[in-house]
Amino acid sequence: MACSSFVKLNAAASSWIGGHQSVNSRSGSAPRFSNRRVSVVRAGSYTDELVKTAKSIASPGHGILAIDESNATCGKRLASIGLDNTETNRQAYRQLLLTTPGLGDYISGAILFEETLYQSTTDGKKFVDCLRDENIVPGIKVDKGLVPLPGSNNESWCQGLDGLASRSAEYYKQGARFAKWRTVVSIPCGPSALAVKEAAWGLARYAAISQDNGLVPIVEPEILLDGDHPIERTLEVAEKVWAEVFYYLAENNVVFEGILLKPSMVTPGAEHKQKASPETIANHTLTMLRRRVPPAVPGIMFLSGGQSEVEATLNLNAMNQSPNPWHVSFSYARALQNSVLKAWQGRPENVEAAQKALLVRAKANSLAQLGKYSAEGENEEAKKGMFVKGYTY
């Protein structure tokens, strides 16, 4: 499979570079038509804006703050500090994050849940405007979550394509300029060819629709940490998945210069008996990226996936010890927020301390993006892993 996927990627890349793309027949969820050639369709009137937005997010020393947890998942975060899952509490927590003074020194984009995109501070200032004041680009989670994939090995597929165009247009009007769609691949479950194809095709359709409506798509096929497999197996699966993803991105005429990627780092399974060093993880991850990701893509914004705050930062730092063809950075949720929640505890008098905790983590990852981070002085809490088996977002 890995070999055939690599051939498909090369074919797609060749057709992209040539300005035209052949469309071949194939069964399954990604229909193709034989003996036809179609002109590559650019992203319409938004092309220049998409490229500019992607470049602004992928700027030196900056990354993405992901606070797009569903209401249910945000409720779990709040429950960890004894708060009820109410809109008022969710709004208070996200206000704390989005009004942190100086956040824009390290963060260039923030992914929001739909509820947050339309919310304001208690003083009536739109959250979108709070971000703009810090030169942070507002983004929006657009997928509708994971559901079981019939015919697979107990795997999932991501729903949300129905109505996506109209929703994306509304999000753009509200101020969003990039989007996120998360699907997952499970190594213990195979992954099956069906699940990989479904993940890749769904991401490509989402990306094309997003660009057509002015939103830079973050492409995120998360390869879950679950399992006891070695790092070599993760590399094999990651190469297979990204080959499929870029094949279908090209088939859907997605402008590579106007996308961002949110991959998993190539690590051993969370239950593997031997942990890998940051240098080993960096080597395997960069090997995968060089084999699969065209240099036209402006930014690689890694997810943390349950690593500890310090692990995620050390691994990112190791990947930036030499120049890369793309901006290699972060799009972290738990690895930026865990310390913040513990400092806040839901108390108004702790807001300033919690915001300082956010800046500490944001600055650490900013330095890692520049390859200048040191873990010296990090507290023990930041070194605790956050992996949850079967985690849902």
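The following dialogue goes through a predicted model and asks what its structural terms rest on.

Student: What should be known about the model and the numbering first?
Tutor: Residues are numbered from 1 along each chain as its sequence is written, and side-chain values use heavy atoms, with hydrogens and water left out. Because the model is predicted, local features need pLDDT of at least 70 and side-chain atom pairs count only at pLDDT 80 or more, while totals for chains, interfaces and linings use all residues.

Student: Why is Cys74 called buried?
Tutor: Buried means under 20% relative accessible area, exposed means over 50%, and partly exposed lies in between (1.4 Å probe, protein chains only). Cys74 has a relative accessible area of 2%, so Cys74 falls under the 20% cut-off. Cys189 has 18% and is therefore buried by the same rule.

Student: How many disulfides does a search of the whole structure find?
Tutor: A disulfide is a pair of cysteine sulfur atoms within 2.5 Å. The search finds zero.

Student: What makes Arg77 and Glu69 a salt bridge?
Tutor: The term requires a side-chain nitrogen of Lys or Arg within 4 Å of a carboxyl oxygen of Asp or Glu. For Arg77 and Glu69 the N to O distance is 3.1 Å, so the pair qualifies. Arg77, at 11% relative accessibility, counts as buried, and Glu69 is buried at 2%. Both residues belong to a network of salt bridges that also links Arg90, Arg94 and Glu115. Over the whole structure, a search finds 16 salt bridges.

Student: How do you know that Lys180 forms a salt bridge with Glu220?
Tutor: The closest N and O atoms are 3.6 Å apart, so the 4 Å limit is met. This pair links distant parts of the chain, with Lys180 in strand S8 and Glu220 in strand S9, 40 residues apart. Helices (H or I, at least four residues) and strands (E, at least two) are DSSP runs, numbered from the N terminus. Lys180 is buried at 1%, and Glu220 is buried at 2%.

Student: Why are Arg233 and Glu236 called partly exposed, and what separates them in helix H9?
Tutor: Arg233 has a relative accessible area of 26% and Glu236 has 41%, so both values lie between the 20% and 50% limits. The two residues are three apart in H9, which means that about one helical turn separates them. They form a salt bridge, with the closest N and O atoms 3.1 Å apart.

Student: Where does H9 lie?
Tutor: Helix H9 (residues 231-251) lies across strands S8 (178-185), S9 (216-223) and S10 (260-261), and runs at about 150° to S9. The axes are lines fitted to C-alpha atoms, for helices over the stretch in contact, and angles run from 0 to 180 degrees between N-to-C directions.

Student: Which strands close into a barrel?
Tutor: Eight strands do, in the order S3-S4-S5-S8-S9-S10-S11-S12, with parallel pairing. Two strands pair if DSSP finds at least two bridges between them. Strand S3 (residues 63-67) and S12 have two bridges, so that pair meets the minimum. In this pairing Ile64 stands opposite Ser331 in S12.

Student: How many bridges join S5 to S4 and to S8?
Tutor: Four bridges join S4 (residues 107-112) to S5, and three join S5 to S8. Both pairs run parallel. Ile111 has Gly139 as its bridge partner in S5, and Ile140 stands opposite Ala179 in S8.

Student: What makes S5 largely enclosed by the rest of the structure?
Tutor: Five of the five residues of S5 (residues 137-141) are buried, so the strand is largely enclosed. In a regular strand the side chains alternate between the two faces of the sheet. Val137, Gly139 and Lys141 are buried on one side of S5, and Pro138 and Ile140 on the other.

Student: Why is helix H11 called mostly covered, and what does it pack against?
Tutor: In H11 (residues 309-319), nine of the eleven residues are buried; Glu309, Val310 and Met319 are among them. The buried residues pack against H10 (278-292), S11 (299-302), S12 (327-332), H12 (334-344) and H13 (351-369), where contact means heavy atoms within 4.5 Å. Helix H12 is also mostly covered, with nine of its eleven residues buried, including Arg334 and Trp344. Just after H12, Gln345 takes a positive phi of about 60°.
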